[in-house]
Amino acid sequence: MQEYPNFSVLMSVYYKEKPEYFDLALNSIDNQTVSPFEIILVEDGPLTLGLANVIDKYKKSWGKKLKIVKLRKNGGLGPALREGTKHVTTDWIARMDTDDVCVPERFEVQLDEIKKNPDYAIIGGQIDEFINNPKNIIGSRRVPLNQYDIYNFARYRNPFNHPTVMINRSKLVKVGGYTASDRLEDYNLWIQFIKNSEKVKNLNKILVHMRVNENLYKRRGGLKYLKNYIHMKNIWRKQGVGNYKTMICSDTSMLINTFMPVKMRKLVYQTFLHNKKEQ
């Protein structure tokens with residue numbers, strides 16, 4: 001048996017999530033070829049009975065390895081992950097969403113890379129997108145692999161698939177950790193790593209099957225999201241990631257995206273921004 005660095009899985013769950021999806025996500029952690037030292041699960045506000053029952057199921061099998069962090073009210077993903085980070089006791093944090101499914105060797109391949117390159121701050125990977133069943137793959141989101149390409153890509157678009165990343169905890173704390181950024185908390189975090197010239201990498205392997213539905217494309221729009229996106233892009237430019245050209249290009253694309261009908265937005269994401277699989 002190879003020896004790997006201890007790592008934690010960091011997740012956040014809230015009342016709108018479906019128990020059966022949550023159960024499948026936790027089961028994919030249970031079936032990993034390398035097990036985490038601990039699972040930090042943030043309950044982002046009161047949960048439904050169905051979600052609570054799923055947690056109880058895994059409490060019985062995981063015991064003290066499962067650490068529950070309860071928040072009194074729902075505050076969003078960024079603040080939940082920020083609070084969860086405080087309870088991590090290992091050097092590495094593996095992010096995981098509560099409706100996605102990890103491939104069985106996900107943690108092992110990332111830990112192999114960490115053993116070779118322990119000075120990395122982030123090691124992410126590729127995702128497949130599925131509807132209803134993880135075997136029903138409809139597309140993928142490919143992100144750049146090496147540091148130069150990741151840094152360049154970040155000037156325009158999010159350079160990591162958030163549910164795939166492993167993050168060095170001390171470096172995460174150093175750059176300020178997760179913040180509340182209205183669905184941009186992960187993108188904002190990557191910018192802080194880039195601003196600090198940290199070493200980053202994406203593996204050319206599918207690490208997570210990501211669940212998608214019509215709500216995904218609905219959430220990509222809205223004036224509130226657009227205003228925050230433009231605001232954050234300007235902040236990132238001032239922090240040295242991007243310039244006026246890249247900022248205007250990104251803002252214009254998001255402006256068009258905001259007022260685009262949901263069906264057309266879905267087509268654009270699947271055809272141009274993500275790789276659509278033939279049915």
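Which residues point one way from β1, and which point the other way? In this predicted model, F7, V9, M11 and V13 are on one side, while S8, L10 and S12 take the other. Let's look at that strand and then at a charged residue, E185.

**Strand β1 and its surroundings**
- Strand β1 covers residues 7–13, and 7 of its 7 residues are buried, so the strand is largely enclosed by the rest of the structure.
- The split you just read about fits a handy rule: in a regular strand, side chains alternate between the two faces of the sheet.
- Whichever way they point, those β1 residues are all buried.

**Who β1 pairs with**
- β1 runs parallel to strand β2 (residues 38–44), and 6 bridges join the two.
- One spot to find on the model is M11, whose bridge partner in β2 is L41.
- β1 also runs parallel to strand β4 (residues 92–95), this time with 4 bridges.
- Here you can look for F7, which has W92 as its bridge partner in β4.
- Helix α1 (residues 19–30) joins β1 and β2 in making up a right-handed β-α-β unit.

**E185, a buried charge**
- You'll find E185 in helix α7, which spans residues 185–195.
- E185 is buried but has no salt bridge.
- The nearest side chain of opposite charge belongs to R95, and that is 7.4 Å away.
- What does the side chain of E185 reach at 3.4 Å? That would be the backbone nitrogen of R183.
- Setting aside neighbours within four places in sequence, E185 is in contact with L77, G78, Y178 and T179.

Terms used. Residues are numbered from 1 along each chain as its sequence is written. This is a predicted model: local features need pLDDT of at least 70, side-chain atom pairs count only at pLDDT 80 or more; totals for chains, interfaces and linings use all residues. Side-chain values use heavy atoms; hydrogens and water are left out. Buried means under 20% relative accessible area, exposed over 50%, partly exposed in between (1.4 Å probe, protein chains only). Lys and Arg count as positive and Asp and Glu as negative; His and the chain ends are not counted. A salt bridge is a side-chain nitrogen of Lys or Arg within 4 Å of a carboxyl oxygen of Asp or Glu. A polar contact is a pair of N or O atoms within 3.5 Å; within protein, one must be able to donate a hydrogen and the other to accept it, and residues adjacent in sequence count only if both atoms are side-chain atoms. Contact means heavy atoms within 4.5 Å. Two strands pair if DSSP finds at least two bridges between them. A crossover is right-handed if, with the strands pointing away from the viewer, the path from the first strand over the helix to the second runs clockwise.
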